[in-house]
Amino acid sequence: MANLATLFTVLLSLLCYSQTGFGLVQWPGGTSTRFYDFKVQTMRVTKLCNTKEIVTINGMFPGPVVYAQEDDRVIVKVTNETPYNTTIHWHGIRQRLSCWSDGPSYITQCPIQAGQTFTYEFTIVKQKGTLLWHAHVSWLRGTVYGAIVVYPKTGVPYPFKYPYEEHIILLGEYWLKDLVQLERQVLASGGGPPPANAFTINGHPGPNYNCSKNDVYKIDVVPGKTYLLRVINAGLNMENFFAIAHHKLTIVEVDAEYTKPFTTDRVMLGPGQTINVLVTTDQPIGKYSMAMGAYMSAKGVKFQNISAIAYFQYLGAVPNSIALPAQLPSFNDNLAVKTVMDGLRSLNPVNVSKEIDTNLFYTIGLNVQKCRSKTPKNNCQATNNGVLAASMNNISFIRPNISLLEAYYKKINGYYTEDFPDVPLKFYDFVNGAPNNIPNDTQALNGTRTKVLEYGTRVQVILQDTGTVSTENHPIHLHGFSFYVVGYGTGNYDPQTANFNLVDPPYMNTIGVPVGGWAAIRFVADNPGVWFMHCHLEIHLSWGLSMVFIVKNGHGELETLPHPPADLPLC
Ligand code: C2O
């Protein structure tokens with residue numbers, strides 16, 4: 001009997017290793033363990049008429065799909081065969097009692113150095129749907145990313161008609177420069193980053209870009225069927241619209257949580273966000289474009305304005321016909337974003353805490369810091385010869401050079417403080433305040449400050465966008481938890497007029513805080529560990545738009561963080 005079970009597990013893991021395509025997978029039932037072997041490797045690719053080395057997992061771009069079922073144990077052995085420091089983060093996996101496997105570098109672990117191995121282990125507790133994994137060191141996630149697909153338990157149906165087929169759509173950004181160098185150069189310049197050289201859909205830029213006529217992703221579809229598309233934004237520095245020509249998208253799930261079906265012509269995803277949509281092939285036989293374009297809500301930022309195109313091609317369509325163009329909103333269509341957000345509701349009434357133990361108010365935005373360089377022309381390229389930074393509550397996060405989780409767990413002093421403020425140190429007109437204008441010095445302080453929460457604390461955070469440099473929609477991501485988005489609006493948050501939905505708010509891990517506005521999120525701090533909260537625009541993260549929650553242990557084994565794995569990388 002035991003041998004049979006072992007055999008079954010071995011067969012299953014073999015299936016895992018070989019299953020890397022984007023098609024439909026049928027899993028055998030039961031709570032089981034999925035093994036994956038991730039080798040971090042460089043690979044030469046040619047795109048946009050340029051050949052370069054990119055960092056990949058197992059030589060795949062995008063990387064392999066992690067398939068699992070709700071309640072499964074996932075074990076991923078990551079071996080670093082590149083010269084770059086690396087870690088992998090399982091974005092949106094709530095890491096119940098497994099903070100050590102969360103992955104953000106210098107927050108929960110030191111990077112896996114060249115030649116080293118680390119095995120991530122976690123259980124997917126009460127979660128199903130689409131998520132993503134990505135590198136969480138410097139800008140490596142620009143090419144090191146892939147999908148996570150978690151199926152419901154055997155016998156548990158989707159709350160919508162079973163789709164004829166399902167496909168993964170990974171939106172990305174492609175850069176001709178080496179990403180590790182690019183980050184260094186941008187930070188050294190004091191100014192903003194250059195735009196990506198192309199947007200990509202499943203790694204392909206599509207016909208709008210140079211030399212990319214045949215570098216196009218395509219889905220072949222059959223008329224009269226319903227398809228499930230798992231759309232993931234794995235880009236670095238841009239938020240994006242996605243649409244399919246002449247086809248409606250019905251949102252049924254966001255961040256791996258079911259939603260009330262909501263039909264729309266397009267969706268917007270910030271990096272880190274995932275949306276499952278149903279698409280019915282009810283149009284005349286033909287070749288249709290799927291398009292990914294820019295959503296840029298900030299002023300004065302250069303961005304890629306050419307759309308990535310993929311094909312949604314009906315059986316029987318003339319293969320070389322011109323694809324019907326998809327209509328994307330204009331790059332600054334904030335209303336299009338709001339319309340989709342207004343449509344996001346949890347499928348069923350939810351159990352969101354009505355009472356709050358800890359009320360937090362965090363501003364999010366950019367800063368212009370004083371130039372401290374002797375060569376301002378080279379290093380202080382922001383407005384007024386300043387240096388760009390980003391902050392929460394006007395504190396720009398300084399990454400420590402050891403893992404904060406280790407420092408906390410082993411009580412090593414001197415790497416962080418516990419004084420991240422509950423409210424900004426100064427109040428002013430956040431939305432309309434200009435950079436460092438009289439009487440407001442809006443320069444940020446630097447620090448590695450954390451907010452400590454007792455186990456079980458019911459937390460509300462108001463995230464308030466600032467206009468210090470420019471107002472902008474920021475995709476704020478919290479590790480270790482999903483949160484209810486109970487309210488949002490434009491302007492400065494005003495408790496007198498704010499409207500809250502405590503009935504069926506969406507349950508998300510990344511919230512695009514409206515440009516020049518605010519969002520209110522609620523979660524219960526019932527997962528002990530050290531949890532990063534940050535803007536998922538990578539450049540903002542590099543500039544310090546982040547903070548850290550420390551959630552203390554509760555009582556007993558089920559509320560206590562286990563000790564670190566033996567192979568935890570050293571710094
Ligand atoms: Cu997907 Cu800390 O991020």
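What follows is a walk through the disulfides, the free cysteines' surroundings and the aromatic contacts of this structure. Keep in mind that you are looking at a predicted model.

Let's begin with sulfur. A disulfide is a covalent bond between the sulfur atoms of two cysteines. The count here comes to 3 disulfides. If you number the bonded cysteines in sequence order, they pair up as 1-3, 2-6 and 4-5.

Take C49 and C211, whose sulfurs sit 1.8 Å apart. That falls inside the 2.5 Å cut-off for calling a disulfide. The torsion about this S-S bond is -100 degrees, a left-handed link. Where does the bond of C49 and C211 sit along the chain? C49 is in the loop between β1 (33–47) and β2 (50–57), while C211 is in the loop between β10 (198–201) and β11 (218–221), so the bond ties together parts 162 residues apart in sequence. As for the surface, C49 has a relative accessible area of 56% and is exposed; C211, at 49%, is partly exposed.

Next up is the bond from C110 to C571, with an S to S distance of 2.0 Å. Its torsion is -100 degrees, and the link of C110 and C571 is left-handed. This one links distant parts of the chain: C110 belongs to the loop between β5 (88–91) and β6 (117–123), C571 to the segment after β32 (546–551), and their positions lie 461 residues apart in the numbering. Is C110 buried or exposed? With a relative accessibility of 2%, C110 counts as buried, because the cut-off for that label is under 20%.

The remaining bond joins C371 and C380, with the sulfurs 2.0 Å apart. Here the torsion about the S-S bond is about 70 degrees, so the disulfide is right-handed. The two ends sit in unlike surroundings: C371 is partly exposed at 27% relative accessibility, whereas C380 is buried at 3%.

What about C99? That cysteine is in no disulfide, and the nearest cysteine sulfur, belonging to C110, is 13 Å away. C99 is buried, with a relative accessible area of 0%. C535 is buried as well, at 1% relative accessibility.

Now for the rings. The structure holds 33 aromatic pairs. One of them is W90 with F122: the ring centres are 5.4 Å apart and the planes meet at 45 degrees, so the pair is tilted. W90 lies in strand β5 and F122 in strand β6, so this contact ties together parts that are 32 residues apart in sequence. Both W90 and F122 are buried.

Another tilted pair is F361 with F427, at 5.7 Å centre to centre and 35 degrees between the planes. It, too, links distant parts of the chain, with F361 in strand β20 (residues 358–369) and F427 in the loop between α5 (404–409) and β23 (445–447), 66 residues apart. F361 is buried at 11% relative accessible area, but F427 counts as exposed at 53%. Which cluster do F361 and F427 belong to? Ring pairs link them with Y428, F430, Y493, F500 and W518.

Finally, a couple of lysines sit over tyrosine rings. K52 lies over the face of Y174, 5.4 Å from the ring centre. The charged end of K287 sits over the ring of Y311, at 4.3 Å from its centre.

Methods: Residues are numbered from 1 along each chain as its sequence is written. This is a predicted model: local features need pLDDT of at least 70, side-chain atom pairs count only at pLDDT 80 or more; totals for chains, interfaces and linings use all residues. Side-chain values use heavy atoms; hydrogens and water are left out. Helices (H or I, at least four residues) and strands (E, at least two) are DSSP runs, numbered from the N terminus. Buried means under 20% relative accessible area, exposed over 50%, partly exposed in between (1.4 Å probe, protein chains only). Rings of Phe, Tyr and Trp (its six-membered ring) pair if their centres lie within 6.5 Å; planes under 30 degrees apart count as stacked, over 60 as edge-to-face and the rest as tilted. A charge sits over a ring if NZ of Lys or CZ of Arg is within 6 Å of the ring centre and within 35 degrees of the ring normal.
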